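User: Hello! Could you show me how to read a structure like this one?

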Protein chains: 2
Amino acid sequence: MIIQHYKDVEEMIPQESGVNGVKMRRVIAEKEGAENFVMRVFEIEAGGNTPLHTHDWEHEVFVLKGPIVIVSSEGKKTAKNGDVVFVPGGEEHQFRNESDEVVEFICLIPIKK
Amino acid sequence: MIIQHYKDVEEMIPQESGVNGVKMRRVIAEKEGAENFVMRVFEIEAGGNTPLHTHDWEHEVFVLKGPIVIVSSEGKKTAKNGDVVFVPGGEEHQFRNESDEVVEFICLIPIKK
């Protein structure tokens, strides 16, 4: 069993085009022994955003600190503290911080096999 | 895309032997379209516990409100707010609330295929 605080995991700055003001921590991943899915925790600074993109895998999200604006083909929606978000594979999406404070969310993805 | 507050998802009382004072919400599951893993949120009331048990699948946990005492073959450990816990498949484990207030955690499991 591994117990660690998410803030003690090294942060990474995603290098993908279209990312602004985002930090990611892979808090439960392959190095911890994960075989099926990976838990990441994201911070987005005020005015920042993830890329508007599409991929064939899903996201399962829990909002630790909102509000987070989520852009998709359905338009703009807002997720607040304690909201869970399911983004199915193949759906375009972007997470935006349109507030004045850092927002945080947990986002899980499957491990490809 | 589905956005919903975790408290708006119907709670279930696990019926497994050895469970005391536990509520579970399956907040992102098959009905939301999950195909690979399920997100559940647990509450354990003061003095309550999950069963001491073993199964062949893993847990990926994020502690929303601790402290949570986790019993395993390694003894007793305590997880606090913001800790993540990885319990590999095959490791005996039990989550206990030895505090005076409700504790809460997110716990994900794979969908068996």
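Analyst: Happy to help; we will go from a single chain to the way the copies meet. Keep in mind that this is a predicted model.

User: How many helices and strands are there in chain A?

Analyst: Chain A has zero helices and nine strands. Along the sequence that gives the pattern β-β-β-β-β-β-β-β-β.

User: What does the radius of gyration of chain A say about a compact globule?

Analyst: A compact globule of 113 residues would have a radius of gyration near 13 Å, and the 14 Å of chain A agrees with that. The C-alpha trace spans about 40 × 30 × 30 Å along its principal axes, and 34% of the residues of chain A count as buried.

User: How are chain A and chain B related?

Analyst: In general, a rotation about an axis and a shift along it relate two copies of a chain. Here, a turn of 180° with a shift of 0.0 Å along the axis lays chain A on chain B, at an RMSD of 0.0 Å. The two copies are thus related as by a two-fold rotation axis.

User: How many residues are in contact between the chains?

Analyst: On chain A, 34 residues are in contact with 34 residues of chain B. Strand 7 of chain A gives the most to that side, with five residues. By type, the side of chain A that touches chain B holds 20 nonpolar, seven polar and seven charged residues. The copies meet through the same surface, because 100% of the interface residues of chain A are also interface residues in chain B.

User: Which strand of chain B is joined to strand 1 of chain A?

Analyst: That is strand 7 (residues 83-87) of chain B, joined to strand 1 of chain A by four bridges and running antiparallel to it. In this pairing, Ile3(A) stands opposite Val85(B).

Methods: Residues numbered from 1 in each chain as written. Chains lettered and ligands numbered in written order. Predicted model: local features only at pLDDT ≥ 70, side-chain atom pairs only at ≥ 80, totals over all residues. Least-squares fit on C-alpha atoms with pLDDT ≥ 70 in both. Contact = placed C-beta atoms within 7 Å. Helix = DSSP H or I, 4+ residues; strand = E, 2+ residues; numbered from the N terminus. Nonpolar A, V, L, I, M, F, W, Y, C, P; charged D, E, K, R; others polar. Pairing = 2+ DSSP bridges. Rg over C-alpha atoms; globule rule 2.2 N^0.38 Å. Buried ≥ 20, exposed ≤ 12 C-beta atoms within 10 Å, placed from the backbone.
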